[in-house]
Amino acid sequence: SKTNARKWARQKEAELDSGIIQTDTRILDETTVSDILLRYRETVTINKKGYASENKRIDSFLKQPWANYKLSRVTSGVFSHYRDQRLKQVKPATVRRDLGLLRAIFEVAKQEWDMPLQENPLVNVKKPKEPNARTRRLEAGELDLLLSAARSRKGGWLMAGIQIAVETGMRRGELLSVLWSDVSFANSTLLIRETKNGHPRCIPLSAEAVAILQSQEPTEWSVTDRIFPVSANAFQISWQRCKQRVAKGYPDISDLRFHDLRHEAISRFFEIGLSVPEV
């Protein structure tokens, strides 16, 4: 019965804790950190939406001296030292992501691959503090300057992308993934299939957003045609060049990020009176 099963499980756990049941730890002397990094990449990372970026992060781990350590030699101190050295090279947010991924890898090795680790070596490694959240919004006249600089781009997709970002609060990746078939002009809605959390969502479109999309709609399109048919890299390069043109007469624009347009949009939603659930 389930009651007996729970009783048996508690007894076995108590026996493990007291050392009555001996765990064979020889595998820790035979397995390196790089072994579990590679296994995680091949079995877990490959199935993730963010495969490319996580793959690069694991590549950087494999170049570290501790990648060749046997699991029996790995301690919290190894990764505390790595954290401190890494902070000299990159921002705290990057180090936090590094440590988070490493902790997840060791947790999978311990819980799912039966690696007899006493504990996850990342558990006691403190992550660097998060920097203060960005509060950058568009200053008066900045949007007009950006749109004027973007208007010269062939096809008008950059200008439309900036406008839609401000009208909807969509992320750059979401903008670049939406299809013409995801737009309902009749209902003034847009279905976003590829989102950060993996759950599709349908958002309302303002009259301005509808007008912008209608101005971009081609005469003919198929169900697989994207609204913004450019790569993320091409979009980013065009965005940077657009800012550079503006910066010649308005240097303050240089610190604006495309993601700040999402913050701008959300702030505007509250300013026009939308509630928290609506936003």
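Where does S188 lie? In this predicted model, S188 sits in the loop that runs between β1 and β2 (189-192). Its phi is near 55 degrees, a positive value in a residue other than glycine. Most residues other than glycine have a negative phi. As for solvent, S188 comes out as partly exposed, at 26% relative accessibility. D114 is another non-glycine residue with a positive phi, here of about 60 degrees. This aspartate belongs to the loop between α6 and α7, and at 64% relative accessibility D114 counts as exposed, because the cut-off for that class is over 50%.

Strand β1 itself covers residues 183-184, and V183 is part of it. With a relative accessibility of 12%, V183 is buried. Setting aside residues up to four places away in sequence, V183 touches T189, L190, L205, L213 and I227. T219 is a residue 36 places from V183 along the chain, and the C-alpha atoms of the two are separated by 15 Å.

One of those contacts of V183, L213, leads on to helix α10. This helix spans residues 207-216, and its buried residues are A209, V210, I212 and L213. Looking down the axis of α10, these buried residues fall within an arc of 160 degrees, so they line one face of the helix. The face turned away from that buried side carries A207 and S215, both exposed. And what covers the buried residues of α10? The cover includes α8 (157-168) as well as β1.

Turning to the helices earlier in the chain, α3 (residues 33-43) packs with α6 (residues 92-111) at an angle of about 90 degrees, the two axes being 10 Å apart. That angle makes α3 roughly perpendicular to α6. On the α3 side, the contact is made by V33, I36, L37 and Y40; on the α6 side, by L101, L102, A104, I105, F106, V108 and A109. Sorted by class, this contact has 11 nonpolar residues, with no polar and no charged ones. Helix α3 also holds S34, a serine that is buried at a relative accessible area of 14%. Apart from neighbours within four places in sequence, S34 is in contact with L62 and A67.

Helix α5 has its own set of buried residues, namely V78, F79, S80, Y82, R83 and R86. These pack against α4 (51-62) and α6. R86 is worth a second look, since charge pairing comes in here.

Side chains of opposite charge can pair when their charged atoms come close. How many salt bridges does a search of the whole structure find? The count is 13. One of them joins D98 to R86, with the closest N and O atoms 2.8 Å apart. This pair links distant parts of the chain, D98 being in helix α6 and R86 in helix α5 (residues 76-86), 12 residues apart. Are the two partners buried or exposed? D98 is buried, at 0% relative accessibility, and R86 is buried too, at 18%.

Another salt bridge pairs E54 with K48, their closest N and O atoms lying 3.0 Å apart. Here E54 counts as buried, at 12% relative accessibility, whereas K48 is partly exposed, at 32%.

A further pair is R137 with E271, and the closest N and O atoms are 2.6 Å apart. R137 lies in the loop between α6 and α7 (142-150) and E271 in helix α12 (residues 260-271), so the salt bridge ties together parts that are 134 residues apart in sequence. R137 is partly exposed, at 24% relative accessibility, while E271 is exposed, at 55%. The pairing does not stop there: R137, E264, R268 and E271 are joined into one network by salt bridges that share partners.

How values were computed
Residues numbered from 1 in each chain as written. Predicted model: local features only at pLDDT ≥ 70, side-chain atom pairs only at ≥ 80, totals over all residues. Heavy atoms only, no water. Axes fitted to C-alpha atoms, helices over the stretch in contact; angles between N-to-C directions. Helix = DSSP H or I, 4+ residues; strand = E, 2+ residues; numbered from the N terminus. Parallel < 35°, antiparallel > 145°, perpendicular 65-115°, else oblique. Contact = heavy atoms within 4.5 Å. Nonpolar A, V, L, I, M, F, W, Y, C, P; charged D, E, K, R; others polar. Salt bridge = Lys/Arg side-chain N within 4 Å of Asp/Glu carboxyl O. Buried < 20%, exposed > 50% of the residue type's maximum accessible area, 1.4 Å probe, protein only. Arc of directions from axis to C-beta.
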